[in-house]
Amino acid sequence: MKAFKKKLLIGALSAMVCCSFTYEAEAASYQGATNQAKDITKQDDFKTISGNKHTAVDYLVFVNKTHKLPDDYEAKLPLITVKNSFGREFQIEPETYRHFEQLRTVLKQKAIQIELDSVYRSVARQKEIAAEFTQKYGADYVKKYVAVPGYSEHHTGLAVDICLVVDGKIIDDNDEMIAQKEIFAQIHPLLTEYGFILRYPQGKDNITGYSYEPWHFRYVGKETAKKINDAGLTMEEYMK
């Protein structure tokens, strides 16, 4: 999910999808970081802050609008806490982060800067978000724009939403991100090499349930990513 954007907060709902939805506190924190990030291209090293011991992870755990996260998944999920170059903290599964940083390093060599924007969000926090926005905007709004707790890929710790930094400016708005066709045309072909797939590809919304999100990557491991990519499948089709 993308971070909740200011234009969504004032009611411009058309460009937002529920996968990219998060909460106001995160958006406020991100705005503060944005004000300090006018010239950050030389200050873009990630730092690992803390983590727990690695346990077995199901890298093919399947979560979408009709497939719920397994009830015992979060209790077993190893997470580390990392910072992006703006100083924002995120929790993420260790192997997902390791491969993301490899991808990020290669892109940096091509003068493309990507940053973490939204990663792990607990089921408990998603419940709080749903309650907060039901009270503020009503049940119909929440049904349309907020992922049902337990049915978001961001619960897995394996889904990564990115933002871009172009000429020192943070690009994180959905419409602006989609407009960066040339940049994403360089990013997407590299995903498979680092174990990621583009989770919600263009023209597949009738299968995935979500419209095109060029920023949303899902770690599945290199072998599986290659199979999915080579066959031109979505995860829904691969998991049948």
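# A tour from Thr-81 to helix α10

Begin by selecting Thr-81, which counts as buried because its relative accessibility is 14%, below the 20% cut-off for that class. The model on screen is a predicted one. Thr-81 sits in strand β2. Now add Pro-94 to the selection: its C-alpha lies 9.1 Å from that of Thr-81, though 13 residues separate the two in sequence.

**The whole chain**

Zoom out before going further. The chain has 240 residues, and 52% of them are buried. Colour by secondary structure to see 11 helices and 8 strands. Of the contacts between residues at least 6 apart in sequence, 71% join residues at least 24 apart. If you display the surface, the exposed area comes to about 11400 Å², with carbon and sulfur atoms supplying 50% of it.

**The β2 and β3 hairpin**

Return to β2 and select residues 80-83, then add β3, residues 89-92. The two strands run antiparallel and are joined by 4 bridges. Between them are 5 residues of the hairpin, where Gly-87 has a positive phi near 90°.

Which residue of β3 stands opposite Ile-80? Select Ile-92 to find the partner. Ile-92 belongs to strand β3 and is buried, its relative accessible area being 0%. Show what surrounds Ile-92: leaving out residues up to four places away in sequence, it touches Pro-78, Leu-79, Ile-80, Val-82, Tyr-97, Val-119, Gly-157 and Val-160. Take Pro-78 from that list and check the distance to Ile-92, which is 8.1 Å from C-alpha to C-alpha across 14 residues of sequence.

**Helix α4**

Move on to residues 94-109, helix α4. What caps the N-terminal end of α4? Select Glu-93: one of its side-chain oxygens lies 3.1 Å from the backbone nitrogen of Glu-95, and this caps the helix.

Follow the 16 residues of α4 from end to end; the first and last C-alpha atoms are 23 Å apart, close to the 22 Å expected at 1.5 Å a residue. Next, highlight the buried residues of α4, which are Pro-94, Thr-96, Tyr-97, His-99, Phe-100, Leu-103, Arg-104 and Leu-107. Two of these names have come up before: Pro-94 was paired with Thr-81, and Tyr-97 is among the residues that Ile-92 touches. After the helix comes Ala-111, with a positive phi near 65°.

**Strand β4**

Select residues 113-118 for strand β4 and pick out Glu-115 within the strand. Is Glu-115 buried or exposed? Glu-115 is buried, at 0% relative accessible area. Show side chains here: those of Glu-115 and Gln-113 are joined by a polar contact of 2.5 Å.

**Helix α10**

The last stop is helix α10, residues 222-231, in which Thr-224, Ala-225 and Ile-228 are buried. Looking down the axis, you will find these residues on the same side of α10, because they cover an arc of only 100° around it. Which residues are exposed on the other side of α10? Select Glu-223 and Asp-230 to see them.

To see what the buried residues of α10 pack against, add β7 (196-198) and α11 (235-238). End the tour at Gly-232, which follows α10 and has a positive phi near 65°.

Notes
Residues numbered from 1 in each chain as written. Predicted model: local features only at pLDDT ≥ 70, side-chain atom pairs only at ≥ 80, totals over all residues. Heavy atoms only, no water. Expected span 1.5 Å × (residues − 1). Buried < 20%, exposed > 50% of the residue type's maximum accessible area, 1.4 Å probe, protein only. Polar contact = N/O pair within 3.5 Å; in protein donor to acceptor, adjacent residues only side chain to side chain. Arc of directions from axis to C-beta. Contact = heavy atoms within 4.5 Å. Areas by Shrake-Rupley, 256 points an atom, 1.4 Å probe, with all protein chains shown as cover. Pairing = 2+ DSSP bridges.
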